[in-house]
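Grab a pencil and work through these exercises with the structure open beside you. Try each task yourself before reading its solution.

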Amino acid sequence: MLHESHHVMQGFAFDNVNRRLFIVQAQNGTSGDDLCINQVSFAGELLGSMHLNHAGHGVSFGVEPVGTASYIWMECDADGTTTDARGTALARFKFVNGGTPSVKKFLTGSKTITCATDPVYERIAVRRSEGGQMWYSVYPLAKAAAGDFSDPLAHFPQPALSTSSVVFQGYTILGSSLYTLDGSGHADSADIDSYVTRIDMKTGEVQERAITRAGESLVYREPEGMAVYRTADGETRLFLGFGSRSSLDNVNRYANIFYKNVLVG
């Protein structure tokens, strides 16, 4: 259970140096673009939270370790002209339990912008609408933190994930691979349509796509977010997030994460 009990998780990310897990969700009783960042222990205990108002949807975000501090990278300045508002810039701020973010903004004037961080190779991927199509750009995290987005390591349009429409639910990067998660929420495990896709960032092409039934016993399971984590023992894990309920008629929402530790790319 997260701080805002009536809203599902949207995305999550790890501080791989300080061994922290952060999960984003909408705030209770607000317009929907006001977000809550939760710090959660690896055992599932809520350790702290802070709010960023008029941020966006929270489908994906990143974390940058700076010494013993964790800096959050996420969308901000949501376009309030729609009921499903999305961010128009990236915010970077230090996570402080109960604090008010002191935000530095980048790539202002963007449309439908989100990000994800690669904790192993210290990069940040930015996904945003360019010319009516979603594009990915990848940068060294240190350069991005200094405000330098002039020379992307990769820049490519999002390829078609399927011949039919998909519900995009998150992404993350590791090395030369970009992973995406899509699918909708279902009350019946027989209706699961959640897929993990691997895209080669050198070519921008889909390399693999497979259904995932992780958490198939959850009540009203809905895919929500991805992240990469490398353990202290050196095992690299690709995490998948899923929202759930205790029962179909219960307003409380739960966060669940699962991982795969055999990766390609």
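A cavity is a set of grid points where a 1.4 Å probe fits but cannot get out, and its volume is the space filled by probe spheres set on those points. One thing to keep in mind throughout: this is a predicted model.

**Exercise 1. The closed space**

Find out how many cavities of 30 Å³ or more the structure holds, and describe the lining of the largest cavity.

Step 1: Start with the count. There is 1 cavity of 30 Å³ or more. The volume of the largest cavity is about 70 Å³.

Step 2: Look at who lines the largest cavity. The list includes Phe12, Ala13 and Phe14, along with Phe61 and Val63. Ala116, Thr117, Pro119 and Thr172 are also there, and Met226, Ala227 and Val228 complete the list.

Step 3: Match residues to strands. At least two lining residues each come from strand S1 (9-15), strand S9 (114-118) and strand S17 (219-230).

Step 4: Sort the lining by character. You should get 10 nonpolar residues, 2 polar ones and no charged ones.

**Exercise 2. Cysteines on their own**

Work out why Cys115 is in no disulfide.

Step 1: Recall what the bond is. A disulfide is a covalent bond between the sulfur atoms of two cysteines.

Step 2: Bring in the cut-off, which is a pair of cysteine sulfur atoms within 2.5 Å.

Step 3: Check the distance. The closest cysteine sulfur to that of Cys115 belongs to Cys76 and is 10 Å away, so it is too far for a bond.

Step 4: Give the total. The structure comes out with 0 disulfides. Cys76 is in no disulfide either, as its nearest cysteine sulfur, in Cys115, is 10 Å away.

Step 5: Are these two cysteines buried or exposed? Buried means under 20% relative accessible area. Cys76 has 3%, so it counts as buried, and Cys115 is buried as well, with 0%.

**Exercise 3. Following strand S18**

Describe how strand S18 (residues 236-245) is covered, and which strands pair with S18.

Step 1: Check the cover. Of the 10 residues in S18, 9 are buried, which leaves the strand mostly covered.

Step 2: Take S17 as a partner. S17 and S18 run antiparallel and are joined by 8 bridges. For a spot to look at, find Pro223, which stands opposite Phe242 in S18.

Step 3: Look at the connection. S17 and S18 make a hairpin with 5 residues between them, and Gly234 in the turn has a positive phi of about 95°.

Step 4: Now take strand S19 (residues 253-260). S18 pairs with S19 over 8 bridges, again in the antiparallel sense. Here Leu238 has Lys260 in S19 as its bridge partner.

**Exercise 4. Two pockets**

Describe the largest pocket and the second largest pocket by volume and lining.

Step 1: The largest pocket has a volume of about 310 Å³. It is lined by 17 residues, and Leu21, Ser41, Phe42, Gly44 and Ile257 are the closest to its centre.

Step 2: Two or more lining residues come from each of strand S2 (20-26), S18 and S19. S19 has the largest share, with 4 residues. By character, the lining of the largest pocket has 13 nonpolar, 3 polar and 1 charged.

Step 3: Move on to the second largest pocket, at about 230 Å³. Of its 14 lining residues, Tyr179, Val196, Glu208, Ala210 and Lys260 are the closest to its centre.

Step 4: Strand S15 (195-200) and strand S16 (205-211) each give two or more residues to this lining. S16 gives the most, with 4 residues. The lining of the second largest pocket splits into 8 nonpolar, 2 polar and 4 charged.

**Exercise 5. An open sheet**

Give the strand order of the open sheet of 4 strands, then name its edge strands.

Step 1: The order is S13-S14-S15-S16, and the pairing is antiparallel.

Step 2: The edge strands each pair on one side only, and they are strand S13 (168-174) and S16.

Step 3: Neighbouring strands of this sheet are turned by 20° against each other on average, direction ignored.

Step 4: Zoom in on one pair. S15 and S16 are joined by 6 bridges, and Asp200 has Glu205 in S16 as its bridge partner.

Notes: Residues are numbered from 1 along each chain as its sequence is written. This is a predicted model: local features need pLDDT of at least 70, side-chain atom pairs count only at pLDDT 80 or more; totals for chains, interfaces and linings use all residues. Side-chain values use heavy atoms; hydrogens and water are left out. On a 1 Å grid over the protein atoms alone, a cavity is a set of points where a 1.4 Å probe fits but cannot get out, and a pocket is an open set with protein on both sides within 12 Å along at least five of seven lines; lining residues have an atom within 4 Å of a point. Ala, Val, Leu, Ile, Met, Phe, Trp, Tyr, Cys and Pro count as nonpolar, Asp, Glu, Lys and Arg as charged, and the others, Gly among them, as polar. Buried means under 20% relative accessible area, exposed over 50%, partly exposed in between (1.4 Å probe, protein chains only). Two strands pair if DSSP finds at least two bridges between them. Axes are lines fitted to C-alpha atoms, for helices over the stretch in contact, and angles run from 0 to 180 degrees between N-to-C directions.
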